[in-house]
Amino acid sequence: MKEKLRHYMNPLHVFCRLRSCGLSNSITMRLCGVYERVYSRIL
């Protein structure tokens with residue numbers, strides 16, 4: 001369960017899901033940049 005959650009919360013996975021939802025590349029890159037910093041501090 002922990003590994004599956006880690007996979008879905010991975011910044012690259014989040015990036016791909018946001019792009020598939022239709023967000024532009026620049027907005028998605030900014031959002032994931034912030035998210036990656038938060039994600040790395042948590043782990």
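Q: Is Leu 43 buried or exposed in this predicted model?
A: Let's start with the cut-off: a residue is called exposed when its relative accessible area is over 50%. Leu 43 has 59% relative accessibility, so it counts as exposed.

Q: Where does Leu 43 lie along the chain?
A: Look for helix H3, which covers 25–42. Leu 43 isn't part of that helix; its place is the segment after helix H3.

Q: Which residues form a nonpolar patch on the surface with Leu 43?
A: Leu 43 has company out there, in a patch with about 400 Å² of accessible area together. Besides Leu 43, the members of this nonpolar patch are Val 34, Val 38 and Ile 42.

Q: What pattern does the chain follow, read along the sequence?
A: Take stock of the secondary structure: there are three helices and zero strands. Reading along the sequence then gives α-α-α.

Q: How do the directions of H2 and H3 compare, roughly parallel or roughly antiparallel?
A: The axes of H2 (residues 11–20) and H3 come within 9 Å and cross at roughly 155°. Angles over 145 degrees count as roughly antiparallel. That's why H2 is, relative to H3, roughly antiparallel.

Q: Is the crossing of H2 and H3 left-handed or right-handed?
A: An angle and a distance between axes describe two packed helices. The crossing also has a hand, and for H2 and H3 it is right-handed.

Q: What share of the exposed area do carbon and sulfur atoms supply?
A: Of the 43 residues in the chain, 14% count as buried. The chain exposes about 3700 Å², and the part supplied by carbon and sulfur atoms is 64%.

How values were computed: Residues numbered from 1 in each chain as written. Predicted model: local features only at pLDDT ≥ 70, side-chain atom pairs only at ≥ 80, totals over all residues. Heavy atoms only, no water. Patch = residues over 30% accessible without salt bridge, like charges linked within 9 Å, V, L, I, M, F, W, Y side chains within 5 Å. Areas by Shrake-Rupley, 256 points an atom, 1.4 Å probe, with all protein chains shown as cover. Salt bridge = Lys/Arg side-chain N within 4 Å of Asp/Glu carboxyl O. Helix = DSSP H or I, 4+ residues; strand = E, 2+ residues; numbered from the N terminus. Buried < 20%, exposed > 50% of the residue type's maximum accessible area, 1.4 Å probe, protein only. Axes fitted to C-alpha atoms, helices over the stretch in contact; angles between N-to-C directions. Parallel < 35°, antiparallel > 145°, perpendicular 65-115°, else oblique. Left-handed = near helix turned anticlockwise from the far one by under 90°.
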